[in-house]
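Trainee: Could you walk me through this fold, step by step?
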Amino acid sequence: MATSSLLNPAISFPSRKPKLQPNPKFRNPVLRIPKASSTSDSSSSPPTNGSPPLSTLKNRRSADENIKDEARRHRAASGEDRSNFSAKYVPFNAGADSPEWYSLDEIIYRSRSGGLLDVQHDMEALKKFDGAYWRNLFDSRVGKTTWPYGSGVWSKKEWVLPEIDPDDIVSAFEGNSNLFWAERFGKQFLGMNDLWVKHCGISHTGSFKDLGMTVLVSQVNRLRKLKRPVVGVGCASTGDTSAALSAYCASAGIPSIVFLPANKISMAQLVQPIANGAFVLSIDTDFDGCMKLIREVTAELPIYLANSLNSLRLEGQKTAAIEILQQFDWGVPEWVIVPGGNLGNIYAFYKGFKMCQELGLVDRIPRLVCAQAANANPLYLHYKSGWKDFKAVKASSTFASAIQIGDPVSIDRAVYALQNSNGIVEEATEEELMDAMAQADSTGMFICPHTGVALTALVKLRNKGIIRPTDRTVVVSTAHGLKFTQSKIDYHSKDIPDMACQFANPPVQVKADYGSVMDVLKDYLLNKAPKSQV
C-alpha cells in the first residue's frame, strides 16, 4: 500500500521551489512579510500568534520533534504564549456592550430569551493593528506547514478562536481551497468573463463543513481538557456535517454520535461517518425531525451539540469569505452566491466580509445571494413576501439533499446578512439544478447538485440583467461532486422520472468490430468539427 510522503520520514522535500508563472485560473494570494504596523500606537506588540521565523523552521532541535513541538518551542522562546485578543458569546445581533455574555468555555447554545448566540470579538483590540498589517500577516501564512497556520481557518486564528492553545487545535489543514476561473462556463452559457467558483468541496472530507468543524472540535478538545462534562459530540445531518464531525472527532479521539434521516442521503455521504467510527443512528424522519431529537438529547446527556445552532462553526466558515478576498489580492467581487439550507453559511460569509471591512482590509462588501432548492425554499418564500412573517415548510425530496431543510435554525442570521448586504434570494427547480450541474460538468467541473442550485440562481439573475456581464461573481461550491455520483448517473442515463435530462451524455453501445467503431467515430467527429472544416 502506498504511503503518503507527508507521513513517511524517509521522504524529504527540496528546500527551494521553482518559480512558477501565474495561471489566471488558479488565483493565489501574493505572499508578503507581515509588518508590525498599528493604527493606534507604533510601539504596540503584534499579535502573539505570528508565524515563527524561517531559521526556527529550518533548525529543529531533535529528530523526533513534530510540528506541534516546534511551534510550542517557538512560543516559549519568544514569549508568545498568551493572546492579545479575546472573544465571547453574546445574543445574536447584540451590541458590543451587551450585558448578557458568556465565556466560550461555557456549554451553551441559546441566549436567556431562547434566541441564537453569536461569537463576538474584541474589535477594539483588533483595530489596534491596521488593515495592511492583517493582510500581510494572513498572506504570510499561506502555503506553510507551521502549526496551526497551514490551515486556511487557523491562519486567521486571531479572528476565529484567539484564546485557544494551539496544542488543543484539531486540524487537517483545511481551507485554502481553489478559486477556479470558470472561463468556458461563464463565456458559453452566461456571456461573462469574470466568473469564479470557490471549490470548498476540495477539502478534507469533501465539503465546506470542515471549516466550521475544525473550530468546534478544537473547542470541545479544550473543554474536555478543562474537565467539562463532555463525553461525546453529536449532530443531526443531511450528510456533510456528519462526515466532517466524525473525521475531526476521530482525529482527536473524541466519540461522535450522528443522527441521519433514513434513506435520504447518498451512500458516499453515509459511509464517511461509518468509516470514521461514529455511532450512527439512522432515524425514520427527515432532517428537521433529526434536529429536533438531537436538541432534546443534548439537553439531557453530556453530548456537545455540533449543528450550526452552535455559533462556533460559523467562525470557521467565515474564513472562506476572507480567503476569497485574499485570493483576489484583497479585491472585492460584486457578487457572491451561496446555496442555503440551514442558513448558517450565508451569515458566515457576511460576517467574514464585514469583519474585513470593519478592520480596514477592504472598503466594501459584496452583494450576497442565497440560492435554495424550490423543494425546500422557506427563505425564498420569506424574501418574496417582503420579509413578512416567516413560515417553515415541509421540505420535499431534492437532489440537493444537503439543503433539504424546511425549518432552518439560522433563519434570523440569514435575513440579517441579506438585508445588510443588499442581498437577493433565488430558487431552482429540480430540473433547473440538474441541468445546471450537467452544463457545468461539461465545461470541466464536477460539481454537486447544491452548486447546481447556485448556478441556476446566477443564470436567472443574469437573464434579468441584475448581474451584469462584467460583474466579478463568485459561486460557492459547497461539496465535492464525487459525493453525488448516483444523481449524475441517473441524469446521464435519463433515468429520472418527469425530467428531460436535455444535457445527458450517455455512453454509446457499439459492436466489437472495426467498421462499427469507425462509423460511430466518423459521425461523432463530423458533428464536432468546426463548420469551416466540414
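Mentor: Gladly; here are a few questions and answers on a sheet and its helices.
Mentor: This is a predicted model, where local features need pLDDT of at least 70, side-chain atom pairs count only at pLDDT 80 or more, and totals for chains, interfaces and linings use all residues. Residues are numbered from 1 along each chain as its sequence is written, and side-chain values use heavy atoms, leaving out hydrogens and water.

Trainee: Which strands stand at the edges of the open sheet of four strands?
Mentor: Strands (E, at least two residues) and helices (H or I, at least four) are DSSP runs numbered from the N terminus. Two strands pair if DSSP finds at least two bridges between them, and here the pairing is parallel in the order 7-6-5-8. Each edge strand has a single partner, so one side of each lacks a neighbour in the sheet: these are strand 7 (279-283) and strand 8 (303-305).

Trainee: Which residue of strand 6 stands opposite Val-233?
Mentor: Strand 5 (residues 232-236) and strand 6 (residues 256-261) run parallel, joined by four bridges. Opposite Val-233 stands Ser-256.

Trainee: How is helix 11 placed relative to helix 12: roughly parallel or oblique?
Mentor: Axes are lines fitted to C-alpha atoms, for helices over the stretch in contact (heavy atoms within 4.5 Å), and angles run from 0 to 180 degrees between N-to-C directions. Helix 11 (residues 319-327) and helix 12 (residues 344-358) pack at about 50°, with axes 6 Å apart. Angles under 35 degrees count as roughly parallel, over 145 as roughly antiparallel, 65 to 115 as roughly perpendicular and the rest as oblique. Therefore helix 11 to helix 12 is oblique.
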